[in-house]
Amino acid sequence: MLFTQGVPLPQLGQPPVVFELELPDFQILSSSQSEITVPSSNVSQVFVHILKPAADNINYGSIGVNINGESAAPISEIVTGAGGKLIKINLKLLPDYKFINGRNTVEVWAQNRRGRMYYTSFIIKTANENWNEDFTYEVDQAPAAMKEIPPRLVLLEPEHPVEFPQGASSIPVKISGIATAINSITHVLADGRSIPFKAGTKAQTRQLIRIGNSESSVVFETTRTIGLNTTKIVVEAEDQSGSRVRVTIPVFVRASGAIIPASRQKYALIIGISRYKNNSKGIRNLEYADADAKAIYEFLQKPVAGSFSRDNMLLLANERATLAGIREALTSFTAKAGVNDLLLIFFAGHGAPDRFAPQNLYLIAHDTDADDMPETALSMPKLRRYLDENVKSKRVVLFMDACHSGGLSTEGTRDLGHNLANQYLEKLLYQEEGRAIITSSDVNEPSRESQKWGNGHGVFTYYLLEGLKGSADTNHDSFVSVGELFRYVRQKVRLETEFQQNPRMLIGENENLALAVARPQ
């Protein structure tokens with residue numbers, strides 16, 4: 001389990017604008033604004049302008065751009081523009097570059113002939129978000145309403161894919177939620193059948209999806225009986241303009257013996273840093289990161305969590321979590337776990353970009369110097385290398401709490417200078433086989449901590465502990481699996497923060513790996 005909290009670093013002053021973003025689909029003109037909201041994910045083109053005079057000293061081959069962390073070179077063309085150089089990105093050329101509902105990132109960098117590097121990142125946020133990553137969200141906008149915000153659909157039930165119990169030939173599934181639109185919702189359907197609207201609480205609607213005064217909403221509820229041959233349930237909402245949002249809920253039958261028991265040997269590396277040596281130089285202390293780590297350390301030793309042996313656990317808190325100490329743990333300690341053993345890694349602390357080279361991302365140690373991060377902080381590529389070279393275990397569970405708050409320093413949050421650490425932690429550390437990763441927040445979001453959560457925790461850790469204690473056992477089979485835990489934590493954190501903190505997950509083949517016993521015998 002791995003956690004990283006953000007750190008707002010000292011600013012060097014505002015450099016001249018070199019890059020601007022343009023979105024022709026929505027007639028959004030060239031702008032240096034770092035976060036832009038668009039009606040939907042139906043984006044076919046992204047233009048990045050490299051402005052004069054900087055553009056005059058940049059060769060075409062020294063320009064790069066990423067879309068959601070992936071190189072966009074295969075779908076990009078660089079041409080001469082009126083104000084300098086223009087990167088024309090065609091998202092329709094290849095399917096892997098399609099924008100998602102939620103937050104999308106565009107990174108661009110360029111090096112001039114003297115070796116100076118320019119870099120910035122843009123966030124393109126859709127008005128229609130993917131409220132549950134277990135479900136598939138699609139938007140069909142009416143031709144006359146392409147510039148308008150399409151209808152939005154939030155399912156309150158079910159909260160996760162429908163699991164068909166063994167031996168049953170049919171089961172009832174309750175479907176309830178909220179649909180909103182700029183004009184009005186005309187239809188809500190479940191598998192093509194109309195769902196009647198019901199009276200709902202306006203306050204709940206506004207809290208869940210933060211609708212504006214110009215939007216209207218409906219609350220709906222129905223029960224649908226499905227049979228063994230059902231593989232999905234499709235819920236749709238249509239507005240007055242004819243635009244639709246479609247949510248597909250998977251339905252599956254759990255195979256006999258699907259739960260994977262944790263191996264006999266279990267190892268845990270747990271790191272939590274609230275106090276920083278260079279706090280006076282801009283690395284802000286945190287309130288509860290060390291408390292989070294210590295709570296996880298103590299809980300994992302309980303029978304409900306599999307009785308981790310203290311001999312197989314390493315806790316690095318505050319002054320013990322130096323760069324040298326973390327490196328030693330990631331090389332020597334993690335190597336102790338055998339191929340068939342379980343390894344949990346938990347890191348609670350800051351994650352940040354180098355303020356001199358913001359494209360370079362780091363985990364911040366207790367003794368990190370903000371003015372010399374390459375030598376005193378742990379870079380993302382080195383973290384990946386340590387894990388790849390030293391970890392033998394096929395079962396690795398990591399929790400990442402790297403938040404993104406646009407550099408805002410707000411009481412009660414674990415803030416991070418504007419960077420894409422969560423995105424790169426996922427891409428660098430995730431493997432389809434063997435590794436499961438959860439990050440506590442999405443791009444440009446704060447991770448919150450407060451006394452109100454368990455007398456002093458981050459909201460993410462609080463619900464992680466609650467889930468492991470049994471609350472995440474949604475199918476009531478007496479086990480808390482990786483998939484159940486991740487979904488429980490994600491949903492609770494989102495609701496508790498009014499959808500302002502949205503955990504992300506990649507679990508690969510670890511869906512059914514048991515992490516705790518919900519009702520120990």
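Taking a contact to mean heavy atoms within 4.5 Å, we can begin with how the chain meets itself in this predicted model. Among contacts in the protein chain with a separation of 6 or more, 71% are between residues 24 or more positions apart. The secondary structure comprises eight helices and 35 strands. Of the 521 residues in the protein chain, 56% are buried. The exposed surface of the protein chain comes to about 21,600 Å², with carbon and sulfur atoms supplying 48% of that area.

Turning to the interior, the largest nonpolar core contains 79 residues. Within this core, the residues with the most contacts are I270, L300, I326, V397, L485 and F486. Strand 24, spanning residues 342–348, contributes the largest share of the core, with seven residues. A second core, separate from the largest one, has 30 residues, among them F26, I36, I63 and V65. F486 offers a helpful view of the packing: leaving aside residues up to four places away in sequence, F486 touches V397, F399, A436, I437, I438, M505 and I507.

Strand 25, which covers residues 350–354, is also worth a visit. Five of its five residues are buried, so strand 25 is largely enclosed by the rest of the structure. Strand 25 runs antiparallel to strand 26 (residues 357–363), and four bridges join the two. One residue pair illustrates this arrangement nicely: A352 has Y362 in strand 26 as its bridge partner. Together, strand 25 and strand 26 form a hairpin, with two residues between them.

Technical notes:
Residues are numbered from 1 along each chain as its sequence is written. This is a predicted model: local features need pLDDT of at least 70, side-chain atom pairs count only at pLDDT 80 or more; totals for chains, interfaces and linings use all residues. Side-chain values use heavy atoms; hydrogens and water are left out. Buried means under 20% relative accessible area, exposed over 50%, partly exposed in between (1.4 Å probe, protein chains only). Accessible areas come from the Shrake-Rupley method with a 1.4 Å probe; for residues, only the protein chains shown count as cover. A nonpolar core is a set of buried Ala, Val, Leu, Ile, Met, Phe, Trp, Tyr and Cys residues joined through side-chain atoms within 4.5 Å. Two strands pair if DSSP finds at least two bridges between them.
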